[in-house]
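Student: I would like a close look at one part of this structure. Pick a single element, show how its surroundings are built around it, and then go on to the residues that deserve a second glance.

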Amino acid sequence: MIDYEFVVNCFDIAIVCALIIFLLLSLPLILYFIEAFNKSPRFPRGKKLYKYAILIPARNEDKVITHILESLKKQTYPKEYFDVYVIIESKDDPTFNITKKFGYNVYIRKDLINKRTKGFALKEVIEYINGLNKNYDAYMIFDADNIVSEDYIYLLNDVKNKGYQIGVGYRNFTNSTENWISACSATLFSFMNQFTSKGRSKFFNKATLTGTGYYIDKKVVDDAGGWIWTGLTEDVALTTYSYYHNVKMHYYPYAMYYDEQPTTFKYMHRQHIRWVFGFVENKSKYKKGVMYGKKTRRLGIIEYSLAVWPFATFVIVEFLAFITLFFLFIFACIFDTWDAALWVGGHALFNLLCLYGSFIFASLIAIGLDNKNLKFKPKTIFKICFTYIFFFIDFALAFIDGFIHKKKRKNWVKIEHSGNVTNKDLKKK
């Protein structure tokens, strides 16, 4: 017969080791947690008005493009100091006529063969702009489904006046309360706003780019040899490059933009495939380039490289323990005594509760740090606690799906946006 106690003890030791490793590597996380409760400093109004090229990849985004264009029209920043370029792939795209009505520039892509990612769209339009001999100080990147507060450019210009080469604002949400998927997604991004970005800004002069809403100095792009971040997750690639080359970054929570979250499993899953394979991409190619300022802070690179791995290791070990013990429970029910089955089943249940509890704890930490912005009601918080683990299970499913289907992990697939706005504060504005 199987020595159940030996198997359980082996997993107990493995879980304790994973927990010790997690705790030993948690010093930056503890510092980030403390910093999350501190008020971020406000910068004075910048004396210099920099000129920005605002770039918006918007292939077939006629359902949502009006929101971002309207919010750019309402910017308090002087209009002569920023130009807007909407990037599409065909003149037949309805986005073309909508953009023209607003009086903004439309760039129709020319080189699409195996280059359908957002990064390639940005690369192509930047090369086009360079050919126009326009003098911009920085590029500001948005998605078509974004909406920006009326002082957004002014506030990021204040950040640039402080000498930061990349600045990013607070990512809020247009539809975080629509269902459990959008709520869980918003919770994750809120954690990355107020925990990782805020902490990294304080201790390493870095931030976590999560999509768009940021500016980047033109010089940084030029020094890199153009827009070289063309993979599935150009934001992760650019963040990695910034760590390697000591690019000075800052997260500024007073500048707020809004982003639509997926509301169906289909689009959530597509998004997760993109994120997973963008995250595990070989990043060594970003080590070449110009070094800014002093030598890169090694501790910052270590923290960034480890990122989610300590917690992920703990979760994986817990999951393996539960699965193994669950099958041992089934085996004991069929071939062994009822007492043995109950003993093994009890340990399996304990590991499941620990696994589930870790995600409940993680979601409550995120919501507790930022519910002043999220404004989740108790009913929504309960829903998130119950479903947060399933939101993350899809990352594992996305890895398996992408691993089996090479095309899914190589091609950038459009995420449909509805344009629905359920955020009550944003509706008022």
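Tutor: A crossover is right-handed if, with the strands pointing away from the viewer, the path from the first strand over the helix to the second runs clockwise. Keep that in mind. The model is a predicted one. The part to look at is strand S2, residues 82-88.

Start with the handedness. S2, helix H4 (residues 95-102) and strand S3 (residues 105-108) make a right-handed β-α-β unit. S2 also belongs to a second unit of this kind: S1, helix H3 (residues 65-73) and S2 form a right-handed β-α-β unit. S2 closes the unit that contains H3 and opens the one that contains H4.

Next, the pairing. Strand S1 covers residues 52-57, and 6 bridges tie it to S2 in parallel. One pair to pick out is Ala53 with its bridge partner Asp83 in S2. On the S3 side the sense is again parallel, with 4 bridges between S2 and S3. There, Ile87 has Tyr107 of S3 as its bridge partner.

How covered is S2? Of its 7 residues, 7 are buried. In a regular strand the side chains alternate between the two faces of the sheet. Here Phe82, Val84, Val86 and Ile88 point one way. Asp83, Tyr85 and Ile87 point the other way. Both sets are buried, Asp83 and Tyr85 included.

Now step back to the sheet. It is open, has 8 strands and runs S3-S2-S1-S4-S7-S6-S8-S5, with mixed pairing. S3 and S5 (147-148) are at the edges, each with a single partner strand, so one side of each has no neighbour in the sheet. H4 packs on this sheet and touches S2 and S3. The direction of H4 makes about 155 degrees with that of S3. Elsewhere in the sheet, an antiparallel pair is found: S6 (residues 166-173) and S7 (residues 214-217) are joined by 3 bridges. Within that pair, Val168 is bridged to Tyr214 of S7.

Back to H3, the helix between S1 and S2. Its buried residues are Ile65, Ile68, Leu69, Ser71 and Leu72. Seen down the axis of H3, they fall within an arc of 160 degrees, so they line one face of the helix. The cover over them includes S1, S2, H4, S5 and helix H6 (152-161). S2 is therefore one of the elements that cover the buried residues of H3.

The loop between S1 and H3 holds two residues to check. Take Arg59, which lies in this loop. Is Arg59 buried or exposed? Arg59 counts as buried, because its relative accessibility of 16% is below the 20% cut-off. Beyond its neighbours within four places in sequence, Arg59 contacts Ile87, Glu89, Asp93, Arg116, Trp412 and Lys414. Ile87 brings us back to S2, where it is one of the residues on the side of Asp83 and Tyr85. The side chains of Arg59 and Glu89 share a polar contact of 3.5 Å. For a sense of distance, Arg59 and Asp223 are 164 residues apart along the chain, and their C-alpha atoms are 28 Å apart.

Asn60 is found in the same S1-to-H3 loop. Most residues other than glycine have a negative phi. Asn60 goes the other way, with phi near 50 degrees. At 40% relative accessibility, Asn60 counts as partly exposed. Asn205 also has a positive phi, about 55 degrees, and is not a glycine. Asn205 sits in the loop between helix H7 (180-204) and S7. With 23% relative accessibility, Asn205 is partly exposed.

One last residue, away from S2. Ser363 is found in helix H13 (residues 338-374). Ser363 is buried, with a relative accessible area of 0%. The side chain of Ser363 reaches the backbone oxygen of Ile360 at 2.8 Å. Leaving aside neighbours within four places in sequence, Ser363 touches Thr187, Ile384, Cys385 and Tyr388. Cys184 and Ser363 are 179 residues apart in sequence, while their C-alpha atoms are 8.3 Å apart in space.

To return to the chosen part: S2 is paired in parallel with S1 and with S3, and 7 of its 7 residues are buried.

Definitions and conventions:
Residues numbered from 1 in each chain as written. Predicted model: local features only at pLDDT ≥ 70, side-chain atom pairs only at ≥ 80, totals over all residues. Heavy atoms only, no water. Buried < 20%, exposed > 50% of the residue type's maximum accessible area, 1.4 Å probe, protein only. Pairing = 2+ DSSP bridges. Contact = heavy atoms within 4.5 Å. Axes fitted to C-alpha atoms, helices over the stretch in contact; angles between N-to-C directions. Polar contact = N/O pair within 3.5 Å; in protein donor to acceptor, adjacent residues only side chain to side chain. Arc of directions from axis to C-beta.
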